[in-house]
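Trainee: I have a new structure to read. Where do I begin?

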Amino acid sequence: MTEFTPFESVPGDPTAGLILLCDHARNTLPKRYGTLGLPPTELERHIAYDIGAEALMRGLAERLGAPGVIATFSRLLIDPNRGEDDPTLIRQLYDGTIVPGNYPLNEEGRQFRLDAFYKPYHAEIGRLIGQCEAAGIVPAIFSVHTMTDRW
């Protein structure tokens, strides 16, 4: 379906009682999307990812022995921290920046992003939850995010 792996699993003990998530870990985009029409400097901003969140999540996973899932794509492609019906799932405007590669976006393009990136990420989270439950544990879910001083 895609040349891009939409998530990375972080190993850990399913009996730790915790699953760590990092929805906005990276600013990367699959080659087919280029930079979504943005100058590369825009992809270095908080609009593209939560700066520092991946390192924090990995440190927590290592220290706590907890498993986790990292989204490997920029939230500008599709935001895994939104519901499928959320109007900000694929943003056309973010913090004053127009995202040309997201406008116009037809239903086929939207569905492809859901199927290729969003749904596999969430399926992996579901798989980890199932692994914990199979071990007799109902895990807490902790999602790591960062903010800028501007927000």
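Mentor: Start with one definition. A residue is buried under 20% relative accessible area and exposed over 50%. Keep in mind that this is a predicted model.

Trainee: Which exposed residues sit on the face of H1 turned away from its buried side?

Mentor: That face carries Ala55, Glu62 and Arg63.

Trainee: And which residues of H1 are buried?

Mentor: Ala53, Glu54, Met57 and Ala61. They cover an arc of only 95° around the axis, so they lie on the same side of H1. The general idea helps here. An α-helix has 3.6 residues a turn, so residues three or four places apart point the same way.

Trainee: What covers the buried residues of H1?

Mentor: The cover includes strands S1, S2 and S3.

Trainee: How do I check the span of H1 against its 12 residues?

Mentor: Use 1.5 Å a residue. The expected span is then 16 Å, and the end C-alpha atoms of H1 are 16 Å apart, which agrees. Just after H1 comes glycine 65, with a positive phi of about 70°.

Trainee: Let me try one residue. Is alanine 61 buried or exposed?

Mentor: Alanine 61 counts as buried, because its relative accessibility is 4%. Its place is in helix H1. Leaving out residues up to four places away in sequence, alanine 61 touches Val10, Leu20 and Ala66.

Trainee: How far is alanine 61 from leucine 21, in sequence and in space?

Mentor: The two are 40 residues apart in sequence, and 9.7 Å apart in space, C-alpha to C-alpha.

Trainee: Now the sheet. How do strands hold together in general?

Mentor: Strands of a sheet pair through backbone hydrogen bonds, either parallel or antiparallel. Here, 4 strands form an open sheet in the order S1-S3-S2-S6, and the pairing is mixed.

Trainee: Which strands stand at the edges?

Mentor: Strand S1 (7-10) and strand S6 (140-143). Each has a single partner strand, so one side of each is left without a neighbour in the sheet. From one strand to the next, the twist averages 20°.

Trainee: In what sense do S2 and S3 pair?

Mentor: Strand S2, residues 18-22, and strand S3, residues 68-71, pair in the parallel sense over 3 bridges. Look at leucine 21: valine 69 in S3 stands opposite.

Trainee: Where do helices H1 and H2 lie?

Mentor: Helix H1 (residues 53-64) lies across S1, S2, S3 and S6, at about 165° to S2. Helix H2 (residues 107-134) lies across S1, S2, S3 and S6, at about 175° to S3.

Trainee: What is the idea behind a nonpolar core?

Mentor: In soluble globular proteins, nonpolar side chains tend to be buried together. In this model, the largest nonpolar core has 30 residues. Those with the most contacts inside it are Phe73, Leu76, Leu77, Ile78 and Phe117.

Trainee: Which elements supply this core?

Mentor: S2, S3 and H2 each supply at least two of its residues. H2 gives the most, with 9 residues. Another core lies apart from this one. That other core has 11 residues, among them Leu18, Leu20, Ala25 and Ala53.

Trainee: One last residue. Where is aspartate 50?

Mentor: In the loop between S2 and H1. Aspartate 50 counts as buried, because its relative accessibility is 2%.

Trainee: What does aspartate 50 touch?

Mentor: His24, Arg75, Val144, His145 and Thr146, not counting residues up to four places away in sequence.

Conventions: Residues are numbered from 1 along each chain as its sequence is written. This is a predicted model: local features need pLDDT of at least 70, side-chain atom pairs count only at pLDDT 80 or more; totals for chains, interfaces and linings use all residues. Side-chain values use heavy atoms; hydrogens and water are left out. Two strands pair if DSSP finds at least two bridges between them. Axes are lines fitted to C-alpha atoms, for helices over the stretch in contact, and angles run from 0 to 180 degrees between N-to-C directions. Contact means heavy atoms within 4.5 Å. Buried means under 20% relative accessible area, exposed over 50%, partly exposed in between (1.4 Å probe, protein chains only). The expected span of a helix is 1.5 Å times one less than its number of residues. The arc is that of the directions from the helix axis to the C-beta atoms. A nonpolar core is a set of buried Ala, Val, Leu, Ile, Met, Phe, Trp, Tyr and Cys residues joined through side-chain atoms within 4.5 Å.
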